[in-house]
Amino acid sequence: MEEILQTVLQSHRDLGDMIIHILRYLAPLVALILMIRCIKPLLTFRKEPEIWGWLNMPDGTQIPITHWENVIGRSKSCDITIDFPTVSRNHAVLTRYDDGSWTISDAESKGGVLVNGKKVQICAVHSRSRISIGGVEMQLQPISQKQEARQAQLRTKAASGWDSVANLLLLTILQILMTLGFLLSGTETDLIPILQGFGGILACQWLLFGFYGMIHRASFEVETLAFFLCTMGMAAIATVKPQESMKQLIAMVLGVIIFLIIGWSLRDLERAKKVRYLATVAGVGFLVITLLFGTEYYGAKNWLIIGGMSLQPSELSKVCFVFAGASTMDRIMQKRNIIMFIAYSILICALLALMNDFGTALIFFCSFLIIAYLRSGSVGTVALAVTALIFAGVIALKIAPHALQRFATWRHVWEDPFNAGYQQCQALMCLASGGFFGLGAGRGRLQHVFAADSDIVFATISEEWGLIMAVLTVVCIVVFGFFAIRTAYMARSAFYCIGACTAAGVLVVQTILNCLGTLDILPFTGVPFPLLSNGGTSMMGAWGLLAFVKASDTRQNASFAVRLKGGKKA
């Protein structure tokens, strides 16, 4: 009897091993198909300018107005170039608002701006207004409501709702396969939190898609990629700390809510400006509170403990910093506004330096570089800022021993594999052992190493699910970056352009620091992998940044940040 029982148990184990072996090859295949379907519409849509009016010139020519904010000047980099000696390089800013009204403002030019013969700093203009810039007369001719509705109908369409349903079905299949893999290899005590984790993500993604259907939005590619990253992150947590699955799920739900709130605030630029001021104060407030009441871990005072919960407010400050840096074109042209933002950036980095959180400070500085370039268009300004960073970095290494220790270990982890280089040595070995298709759910050894679900999560995914799956997680973040760049060419406002590019830049920089730090190509900073690493505030901050990328999408019925007009066409 005992021999028969042993035979049955062995046959069940053999069947389980066979299914897990099949899942190792099936999961990457489903993920790859999903990636191709989501990435293609994001990177191949037709870049077409929108025309919101024309400037009628004295010689009878008409200059098209292709943005809501247009710099008029002599410089070739201006949206509307008027090559005349009396016109300043950046002379004026012509702005359209959501209700169809227009204003023109002086960009601190030498000759000033005249409307109907009167010199103005900022003034409302319409089709009968006579505008004079550097002595050059012109008249604004806005498009009609009928033309605006027709333009909305002809604009590039986002993927259809059925395409999004097919993508979500593929993601659901992948989540079921992953759950099955853990059910076959996990212990009984881990099954409930694992089921809750994957089931919660599945329910959240379908509920959000249902909400999009209610507000007549069809595009769901960006969100599908984000939920894919959350799914892979849950797979790492299910292996390392399955008891934290519910905590991460709650953080993801809160992140989606933040994503929707920021998207709502960006529907109206005037409202976005007001939120910007609140975010600017909140960004500093989060860091000041952490500096005063925070707890120090591993040399950095960047954690806040509230009721047994550990929070990292600097992750939310990143979202606030993007809000603070994004601005409308008329304000960008004011020197006082630029000086204030530089001072704000210095204050943020100084607070992070006092907290010894130099990894986060580096991310903020990279964000500043993106904003500085988009605001000024000057490579020289960026080069000067980078030079300042080098000097600041040298000083930081002198006053922060733990940062110097990480640089001392960099490229020398194998010289001290049981102490300073332990994490990275283990990560490199486990990453290599996983191969292209991984060892299977819960079967990796890296789960016993500290921060396997956060700082070195890239290696955990590689070991258990294979290098293909790990690379796909990086591809998701890179796609967000390229998508933001493509939409920047058609952004209606500098606010959307700067916000999207900076937010995507933060996500890309974090991913680079996390992955290359794990591989010992860059110094190990402990920066989380967006949407993948275990961490509540990191998850919420990443979803908040993603809202800026989504808001810049001007495809038809794509972004919830664009109001619907003309027969439910946005």
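**Exercise 1.** In this predicted model, determine which strands helix α7 lies across, and at what angle it runs to β13.

*Solution.* Helix α7, covering residues 269-293, lies across β12 and β13, and its direction makes an angle of about 90° with β13. The next step is to place these strands in their sheet, which is open, has three strands in the order β12-β13-β14, and is paired in the antiparallel sense. Its edges are formed by β12 (295-297) and β14 (309-311), each of which pairs on one side only. On average, neighbouring strands of the sheet are turned by 45° against each other, with direction ignored.

**Exercise 2.** Work out how many bridges join β12 to β13, and which residue of β13 stands opposite Thr295.

*Solution.* The antiparallel pairing of β12 with β13, a strand of residues 300-306, extends over two bridges. Within β13, the residue opposite Thr295 is Trp303.

**Exercise 3.** Decide whether Leu254 is buried, partly exposed or exposed, and identify the surface patch to which Leu254 contributes.

*Solution.* Leu254 belongs to helix α6, residues 245-265. Its relative accessible area is 39%, and because the partly exposed class lies between the limits of 20% and 50%, Leu254 is assigned to that class. Together with Met246, Ile250, Val253, Ile257, Ile261 and Trp264, Leu254 makes a nonpolar surface patch of about 620 Å².

**Exercise 4.** Classify Arg155 as buried or exposed, and find the separation of its C-alpha atom from that of Asn557.

*Solution.* Arg155 is located in the loop between α2 (145-154) and α3 (161-185). Its relative accessibility is 7%; since buried means under 20%, Arg155 counts as buried. Although Arg155 and Asn557 are 402 residues apart along the chain, their C-alpha atoms are separated by 9.6 Å.

Conventions
Residues are numbered from 1 along each chain as its sequence is written. This is a predicted model: local features need pLDDT of at least 70, side-chain atom pairs count only at pLDDT 80 or more; totals for chains, interfaces and linings use all residues. Side-chain values use heavy atoms; hydrogens and water are left out. Patches are made of residues with over 30% relative accessible area and no salt bridge: like charges are joined within 9 Å, nonpolar side chains (Val, Leu, Ile, Met, Phe, Trp, Tyr) within 5 Å. Accessible areas come from the Shrake-Rupley method with a 1.4 Å probe; for residues, only the protein chains shown count as cover. A salt bridge is a side-chain nitrogen of Lys or Arg within 4 Å of a carboxyl oxygen of Asp or Glu. Helices (H or I, at least four residues) and strands (E, at least two) are DSSP runs, numbered from the N terminus. Buried means under 20% relative accessible area, exposed over 50%, partly exposed in between (1.4 Å probe, protein chains only). Two strands pair if DSSP finds at least two bridges between them. Axes are lines fitted to C-alpha atoms, for helices over the stretch in contact, and angles run from 0 to 180 degrees between N-to-C directions. Contact means heavy atoms within 4.5 Å.
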